[in-house]
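Let's take a look at how side chains sit together in a protein. Keep the picture open while you read, and find each residue as it comes up.

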Amino acid sequence: MKPLQVTMQAFGPYLEETCVDFTLLGDRPIFLITGATGGGKTTILDAMCFALYCRATGGKRSWNSMRTTSAPDDLPTMVEYSFSLDSERYRFSRSLSVHYVRGTRRTLKEEHACYRWNDGQWQL
């Protein structure tokens, strides 16, 4: 599996939509994710894991606990991960939105999808 791109929004420390584009690395087979402690390095890997399996690395954090605490209710938590496997390309996405039932009770709604690149477009 070769990562192509991971996009996060209201996920961990990434409030605004943030995209990590691995295609900028070219054909280099090895790369390093580096930065200061608490800078969001593990969250990038968590986003990949959540998109695929709805679990964080290490399995200790839930989907709800990965939502940015300062995110407004109208901003969904979203992860999207695209990768290539042999000659095929795939994209997995998950989102968690806040909904109000009868205007008062706050609930969370999860959505997920998987796509495959086919004939120049993503197909569900």
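What follows is a short walk through the core, the aromatic rings and the cysteines of this predicted model.

**The core**

Start on the inside. The largest nonpolar core is made of 18 residues. Among them, V6, M8, F11, I44, F50, V79 and Y81 have the most contacts inside the core. Which elements give two or more residues to it? They are β1 (2-9), α1 (41-53) and β3 (77-85). The top contributor is α1, with six residues.

I44 is a good one to click on. Leaving aside residues up to four places away in sequence, I44 touches V6, M8, Y14, V20, F22 and I33.

**The aromatic rings**

Now for the rings. A pair of aromatic rings is described by the distance of the centres and the angle of the planes. The count here is six aromatic pairs. Two of them make a nice contrast. F83 and F92 are stacked, with 5.9 Å from centre to centre and 20 degrees between the planes. In W117 and W122, the ring centres are 5.1 Å apart and the planes stand at 75 degrees, so this pair is edge-to-face.

How about their surroundings? F83 counts as buried because its relative accessibility is 6%, and buried means under 20%. W117, at 31%, is partly exposed, and W122, at 24%, is partly exposed too.

F83 and F92 also have company: together with Y81 and Y90 they form one aromatic cluster. Y81 may ring a bell, as it was listed among the core residues with the most contacts.

**Arginines over rings**

Two arginines lie over the faces of rings, and the table shows where to find them.

| Arginine | Ring | Distance from ring centre |
|---|---|---|
| R89 | W117 | 4.4 Å |
| R91 | Y115 | 4.5 Å |

So W117 turns up twice: its ring pairs edge-to-face with W122, and R89 lies over its face.

**The cysteines**

How many disulfides are there? The count is zero. Why is C49 not in one? Its closest cysteine sulfur, in C54, is 11 Å away, which is too far for a bond, because a disulfide needs the two sulfur atoms within 2.5 Å. C114 is in no disulfide either, and its nearest cysteine sulfur, again that of C54, lies 14 Å away. As for accessibility, C49 is partly exposed at 22%, and C114 is partly exposed at 32%.

Notes
Residues are numbered from 1 along each chain as its sequence is written. This is a predicted model: local features need pLDDT of at least 70, side-chain atom pairs count only at pLDDT 80 or more; totals for chains, interfaces and linings use all residues. Side-chain values use heavy atoms; hydrogens and water are left out. Rings of Phe, Tyr and Trp (its six-membered ring) pair if their centres lie within 6.5 Å; planes under 30 degrees apart count as stacked, over 60 as edge-to-face and the rest as tilted. Buried means under 20% relative accessible area, exposed over 50%, partly exposed in between (1.4 Å probe, protein chains only). A charge sits over a ring if NZ of Lys or CZ of Arg is within 6 Å of the ring centre and within 35 degrees of the ring normal. A nonpolar core is a set of buried Ala, Val, Leu, Ile, Met, Phe, Trp, Tyr and Cys residues joined through side-chain atoms within 4.5 Å. Helices (H or I, at least four residues) and strands (E, at least two) are DSSP runs, numbered from the N terminus. Contact means heavy atoms within 4.5 Å.
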